[in-house]
Amino acid sequence: MKPNRLEAFSDGVIAIIITIMVLELHVPHGDNIHDLIPIIPVFTSYLLSFVYLGIYWNNHHHMLYAVEKINGAILWGNLNLLFWLSLTPFVTAWMGDSHFTKWPVILYGCVLIMNGFSYTLLCRLLIKEAGPDSTLALAMNKDWKGKLSVTIYAVAILLSFLDPRLGFGLYIVVAGIWFIPDRRIEKKVVG
C-alpha cells in the first residue's frame, strides 16, 4: 500500500484532536481583560498541547514522506500512535482545569511518554518495511532526541510527585527540543 491514505487519515485525526482541544477553551463571563486571568492555566495547557500535536504532525509527515509503501503492521502502529495522541485533549483539559496539580500533570506526562513510545514504534515498523538501507533508516539512525525525550518525560513524571511545576517545566523543555522540526529526513530525501 502507498502511504497517502494513511497520511490523510492521520492528518484528519490530528485536526479533530486539535478541534476538540480548542472547544475546551471557554469564553469568560465578562468583558474585562481581568476576566481572562482564570483561564490562563487552561490556555497554557492548550498551548503546550497544541505545540506537541504540531510537532507530531510535522514529524509524522516527514516520516511518511520518506517511505514508499506500508503494511498492516504499520497501519496498526499508526493507530496506536493516534490512540495516544487522541488522549491529549482529556489530559490537557484536566491539567489546565486543575491548575497543574499533581495527578493531572503526572497523567499528562504518562500520555506524553506513550506518544513517544508509539512514535518510535511506528518509526521502527516503517524502517523494517523500507529496509535497513532506506532513506528513513539512514535518516533516523541516531534518534538522540527521541531517547532524550522519553528519559526527560520519565524524570518529569517522577518529579511531579514532588512538585508538579517541575514536571510541567520539563514537558516544556522537551517541546523546545522538538520545536524546530527534525531535519534529518529532509536532508536525506532532498540532498
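In which loop does Phe100 lie? In this predicted model, Phe100 belongs to the loop between H4 and H5. The report begins with that loop and then turns to the surface patch, the pockets and the cavities.

**The loop between H4 and H5**

His99 is also found in the loop between H4 and H5. Although His99 is not a glycine, its phi is positive, at about 60°. Phe100, likewise a residue other than glycine, has a positive phi near 65°. As for cover, the relative accessible area of His99 is 46%, so this residue is classed as partly exposed. Phe100 has a relative accessible area of 17% and is therefore buried, since the term applies under 20%.

**The nonpolar surface patch**

Phe90, Trp94, Trp103, Leu107, Leu158 and Phe161 make a nonpolar patch of about 650 Å² on the surface. At least two residues of this patch are supplied by each of three helices, namely H4 (88-97), H5 (102-130) and H7 (144-162). One of the patch residues, Trp94, is located in helix H4. Its relative accessibility is 37%, which means that Trp94 counts as partly exposed.

**Pockets and cavities**

Rolling a probe the size of a water molecule over the atoms shows where empty space is left. The count of cavities of 30 Å³ or more comes to two. The table sets out these two cavities beside the two largest pockets.

| Space | Volume | Composition of the lining |
|---|---|---|
| Largest pocket | about 250 Å³ | seven nonpolar, three polar, three charged |
| Second largest pocket | about 150 Å³ | six nonpolar, one polar, two charged |
| Largest cavity | about 150 Å³ | eight nonpolar, five polar, one charged |
| Second largest cavity | about 50 Å³ | six nonpolar, two polar, one charged |

The largest pocket has a volume of about 250 Å³. Its lining is formed by 13 residues, and those nearest its centre are Thr120, Arg124, Met140, Asp143 and Lys147. H5 and H7 are the elements that give two or more residues to this lining. The largest share, six residues, comes from H5.

The second largest pocket has a volume of about 150 Å³. Its lining consists of Met1, Lys2, Arg5, Leu6, Phe9, Ile70, Leu75, Asn78 and Leu79. Here the elements giving two or more residues are helix H1 (4-23) and helix H3 (72-86).

The largest cavity holds about 150 Å³ of space. It is lined by 14 residues, of which Tyr56, Gly116, Tyr119, Ser149 and Trp178 are the closest to its centre. Four helices each supply at least two residues of this lining: H2 (40-65), H5, H7 and H8 (164-179).

The second largest cavity contains about 50 Å³ of space. Met21, Glu24, Leu25, Val42, Ser45, Tyr46, Pro89, Thr92 and Ala93 form its lining. H2 and H4 each contribute at least two of these residues.

**Elements that recur**

Several helices appear under more than one heading. H5 supplies at least two residues of the nonpolar patch, gives the largest share of the lining of the largest pocket, and supplies at least two lining residues of the largest cavity. H7 likewise supplies at least two residues of the nonpolar patch, gives two or more to the lining of the largest pocket, and supplies at least two to that of the largest cavity. H4 supplies at least two residues both of the patch and of the lining of the second largest cavity.

Technical notes: Residues numbered from 1 in each chain as written. Predicted model: local features only at pLDDT ≥ 70, side-chain atom pairs only at ≥ 80, totals over all residues. Heavy atoms only, no water. Patch = residues over 30% accessible without salt bridge, like charges linked within 9 Å, V, L, I, M, F, W, Y side chains within 5 Å. Areas by Shrake-Rupley, 256 points an atom, 1.4 Å probe, with all protein chains shown as cover. Salt bridge = Lys/Arg side-chain N within 4 Å of Asp/Glu carboxyl O. Buried < 20%, exposed > 50% of the residue type's maximum accessible area, 1.4 Å probe, protein only. 1 Å grid on protein atoms, 1.4 Å probe; cavity = no way out; pocket = protein on both sides within 12 Å on 5 of 7 lines; lining within 4 Å. Points joined across faces, edges and corners; volume = space filled by probe spheres on them. Nonpolar A, V, L, I, M, F, W, Y, C, P; charged D, E, K, R; others polar.
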